[in-house]
Amino acid sequence: MTLKLLIGNKKYSSWSFRPWLALSVAGIPFEERVIPFESEEFKRDVGGVSGTGKVPVLIDGDIAIWESLAILEYLAEKIPAAGLWPKDVAARAHARAVANEMHAGFQALRNHLPMNFARRVIKRDLPPPVIANVRRVETLWTDCRARFSGSGPFLFGAFSNADAMYAPVVGRFHTYDVDVGEGTRAYMKTIMELPAFQQWVAAGIKEPWLFAEDEVDWPKTHNLT
Ligand SMILES: N[C@@H](CCC(=O)N[C@@H](CS)C(=O)NCC(=O)O)C(=O)O
């Protein structure tokens, strides 16, 4: 049975992007279904399988899994050959901790810099709580790379669920031209050069839907104007 992933708009849906990227980079066959936010279809079809009424939702036969991180855990467990968590126990524990930190935190960064792949790259002023979030992300990436990446380009060497969890942050740092160090830039380049990352962005830019709450400085920085 083919896995099916229900996702929101590719331009904006950062939580959808995470499992989509993991599935795509790992080469796991799946069907995607983009369901636009605020549509009748969204209420009906997402509400029908997820108690939260939110995307992403992974459907595997009779099983419906909501919450991005739970989906990533399910994929790692169901398809161990995909290597979505590091093999080494210490690295795996660390990868889970950083993935959980993303899932539970960085509220200031997420609110102030909503993921928006159609926005022109223009710097946005950052209030102190957002700068603190940016610094924490940089520390965390530097630490993962220094301790666990070996000769691989990702946080734990090979691509893992930890990279999937932070991919929308890479997009935000790029889109809002956030000041970051050289190591951070190099890691961002690795993620942004993934063919799957580029496919998602290209599809997002083409989407017709616009949502004011995600267009923080509309219309000055939108690619479509
Ligand atoms: N904690 C959830 C967050 C899911 C979430 O907030 N999804 C947003 C899209 S990125 C959503 O479905 N929003 C639609 C709505 O709230 O109506 C996860 O990790 O999957």
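Start with the whole chain in cartoon view: this predicted model has nine helices and four strands. Trace the cartoon from the N terminus and you will pass the elements in the order β-α-β-α-β-β-α-α-α-α-α-α-α. The radius of gyration is 17 Å, close to the 17 Å that the globule rule gives for 225 residues, so the chain is as compact as a globular protein of that length.

While everything is still selected, switch to C-alpha atoms and align the view with the principal axes. Along those axes, the C-alpha atoms fill a box of roughly 45 × 45 × 30 Å. If you like to colour by burial, 38% of the 225 residues will light up as buried. A contact map is a good companion here: among contacts with a separation of 6 or more, 69% join residues 24 or more positions apart.

**Next stop: the two domains**

Select residues 3-82 and give them one colour, then 89-203 and another; these are domain 1 and domain 2 in the domain assignment. Put a marker at the C-alpha centre of each domain, and the distance between the two markers will read 20 Å.

Now look at where the domains meet. How many residues does each domain bring to the contact? Domain 1 brings 16 residues, and they are in contact with 19 residues of domain 2. On the domain 1 side, α1 and α3 each supply at least two of the touching residues. Of the elements there, α1 gives the most, with nine residues. Colour this side of domain 1 by class and you will find ten nonpolar, three polar and three charged residues.

**Last stop: the ligand**

Select the ligand and expand to the residues around it. There are 14 of them, and S13, W15, K54, V55 and S68 come nearest. Show those five as sticks, then bring back the cartoon for α1 (14-26) and α3 (68-78), the elements that give two or more residues to the shell around the ligand.

Which element gives the most to this shell? It is α1, with three residues. Keep α1 highlighted for a moment, as you have met this helix before: α1 also gives the most to the side of domain 1 that touches domain 2.

To finish, colour the shell by class, as you did for the domain contact. The ligand has five nonpolar, seven polar and two charged residues around it, while the side of domain 1 that touches domain 2 has ten nonpolar, three polar and three charged ones.

How values were computed:
Residues are numbered from 1 along each chain as its sequence is written. This is a predicted model: local features need pLDDT of at least 70, side-chain atom pairs count only at pLDDT 80 or more; totals for chains, interfaces and linings use all residues. The radius of gyration is taken over C-alpha atoms; the globule rule is 2.2 Å times the number of residues to the power 0.38. A residue is buried if 20 or more other C-beta atoms lie within 10 Å of its own, exposed if 12 or fewer, and partly exposed in between; C-beta atoms are placed from the backbone. Two residues are in contact if their C-beta atoms, placed from the backbone, lie within 7 Å. A residue is near a molecule or strand if its C-beta atom, placed from the backbone, lies within 6 Å of it. Ala, Val, Leu, Ile, Met, Phe, Trp, Tyr, Cys and Pro count as nonpolar, Asp, Glu, Lys and Arg as charged, and the others, Gly among them, as polar. Domain bounds come from an automatic or database domain assignment.
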